[in-house]
Structures are given as C-alpha cells and as structure tokens.
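Visitor: I would like a close look at a single part, with the cut-offs spelled out.

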Amino acid sequence: MANLRELRDRIRSVNSTKKITKAQELIATSRITKAQAKVDAAAPYAHEMSNMMDRLASASSLEHPILRHRENGKVAAVLVVSSDRGMCGGYNNNVFKKAAELEGLLRGQGFDVVRYVTGSKGVGYYNFREKEVVGAWTGFSQDPSWEGTHDVRHHLVDGFIAGSEGTTPARQGVNTEDHTVRGFDQVHVVYTEFESMLVQTPRAHQLLPIEPVIKEEELHLGDSALEDIPDAQGLSADYEFEPDADTLLSALLPQYVSRILFSMFLEASASESAARRTAMKAATDNANDLVTDLSRVANQARQAQITQEITEIVGGAGALAESAESD
C-alpha cells in the first residue's frame, strides 16, 4: 500500500506540472502570433526607409562616421540579446555560445571587447561567471517597444559615433560611476533570427559601421513604349530633396540604424516565444508519457494487491471449512 500511495502521489504531481507546461505552451503560441504581427506591421516602414536611404546615398557626397570603416579600430561592442524568462529550451544557451565565438574572433583581430546585454537571463549568466557587463537592459524581451528600447539603441549609436578615442554620456542601464563611458569602433549584435515555428537560428550581425548600397532605379515601361523612346532603358528616377541630401542623410542614418536594431529585437521576441512553445510542448508530451507509465505500474501494483487479498480470503475460508469438518 505504501508503494501504491507513492505512485498515486507522483501521478498527481506530474499532472499538476503538466497543467503548468500546457498553459505556458498556449501562452507562447498566442505571443508568437502577436510578435509576427509586429514584424509585419514594421515591414512597410522598414522597406520605405531602406529605399529612402538608397536614394539619399546615391545623391549625397557625405562621409558620415556611421558609414566609415576605421582602419585602426581598438574597441568592439557586442550586444547579446537574451530573454527575461526561462523555460525556452536552448534558446539562451545558443545565443551565449554564438556570442563567445564572436568575442573570441574579435579578440583574435586585436579588439578590446565591451559587452552589453539585454534580458535577465543574459545578465544572470555573465554575473554568475564573473564576466564584465558594461550595460544591461531588461524587461522587454517578450514585448519590445520603440520607447522601451530607446536607451540601448541610442547608446550604441552614440558610442560608435564617439569612437574609441572619445566618450559618450552614460545612459540608463550602463554600469559606470562616471557620467561618460568610452566609445567603440565597431558594434555587433548577437540575436536569434525567427525562421519558422520550429527553427530559430542564432546570428552575429555587424551593426556598425554600415555599408551603403547604392541602387540606380530604372524606369520600367511596356515594350511598346520602349520602342517609341530612344535609350529608355537608361532612364533613372530623379529626386529633389528638401533640405539637401547630405543634411537628410546625416539626420536619418541614426534612425536607420535604430530601425535595424529594433527589428532584431522583434525577431528575437518571436524566436523566444517559438522556442518556449517547442520546449513546453515537449515537456507536456513527456509528462503525458510519464503519467501513462506510472499509471501502468500503479495498476499492476493494485492488481497484485487485489490478487493477494483474494488469495488470503480463499485461504482463510478453506481453513475455516477444514476446522468445521474436524469438529
């Protein structure tokens, strides 16, 4: 009976855990839909911003610091995008492994690496291993917003513009006793790209400096129209900018970089929810299998107990019958 009681207690415990994992699976599934909706909603703005930057770059002669590669760079900043919560399988561990590979590569190239982290799991990971984290931001991994990521986006852009020879004001989240921190010559982001519900891939992306892609936009006309216009294939769109292209490019480049970084946060958010859904579904399935196995063992134990009781009753009845006959 003691063994049967223990089995039943364990079955109840596993069923309670299964309810939690199932609820987490359903929540993660709903958040994936919301995260994908955010990515889709941001796509038109991102597309138009990219087109505008291409047009400005083709019409501008500006040499902005964001576009310039620094030959003798000394400091590289690495932003590690992790989650605020656990129960998402190997999501965070894969990001940390990719970040370690990137940091090793940068140090091999002679850079001093400064580490920035978003997400509570990343902060805990590096603090436990006593690895320095220059800046940390938490609280928005599952639901990133433009306002919530303001400090991290602007700090990275300002730090790169300042360069390793300069300093930039320390924003909220930066771990320093001074009001300024040293700048850097490169900015890299390690995040997880959402490919599908089952596939999320950790990526290391160089955010700064960026290389402008200059496109010449051709005028696409029908075949009949092309026959009537000499050299129509060589026509390109002509734009007038107000103010001038250099001024616009200088003003929009930081916004363009912020948009790219924010899109990475959105990708990471969708990837985190997908990884959590996969992990919780696996946990729920394992709980179901464990309950099935424990129920089978409990039924066998109960059957053995009933068989023993019947044997004892039959044996007792036979002894009483023999006693009555002898009397």
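Visitor: Which residues form one aromatic cluster with Phe96?

Guide: Phe96 shares one aromatic cluster with Tyr125 and Tyr126. This is a predicted model, in which local features need pLDDT of at least 70, side-chain atom pairs count only at pLDDT 80 or more, and totals for chains, interfaces and linings use all residues. Residues are numbered from 1 along each chain as its sequence is written, and side-chain values use heavy atoms, with hydrogens and water left out.

The structure holds 7 aromatic pairs (rings of Phe, Tyr and Trp, the last by its six-membered ring, with centres within 6.5 Å; planes under 30 degrees apart count as stacked, over 60 as edge-to-face and the rest as tilted). Phe96 and Tyr125 make a stacked pair, at 4.0 Å centre to centre with 20° between the planes. This pair links distant parts of the chain, 29 residues apart: Phe96 sits in helix α2 (residues 91–108) and Tyr125 in helix α3 (residues 120–128). Helices are DSSP runs of H or I with at least four residues, strands are runs of E with at least two, and both are numbered from the N terminus.

Phe96 has a relative accessible area of 6% and is therefore buried, whereas Tyr125, at 21%, counts as partly exposed. Here buried means under 20% relative accessible area, exposed over 50% and partly exposed in between, with a 1.4 Å probe and protein chains only.

Another pair is edge-to-face, because the ring centres of Phe140 and Phe265 are 5.6 Å apart and their planes stand at 75°. Phe140 lies in the loop between β3 (135–137) and α4 and Phe265 in helix α6, so this pair ties together parts that are 125 residues apart in sequence. Both Phe140 and Phe265 are buried.

As for the nonpolar cores (sets of buried Ala, Val, Leu, Ile, Met, Phe, Trp, Tyr and Cys residues joined through side-chain atoms within 4.5 Å), the largest has 39 residues, and Leu79 and Leu207 touch the most other members. Elements giving two or more residues to this core are α1 (2–59), β1 (75–81), α4 (150–162), β6 (186–194), β7 (200–208) and α6. The largest share, 11 residues, comes from α6. Apart from this core lies another, of 15 residues, and Phe96 is one of its members, as are Val78, Val123 and Val133. Phe96 thus belongs both to the aromatic cluster and to the core of 15 residues.
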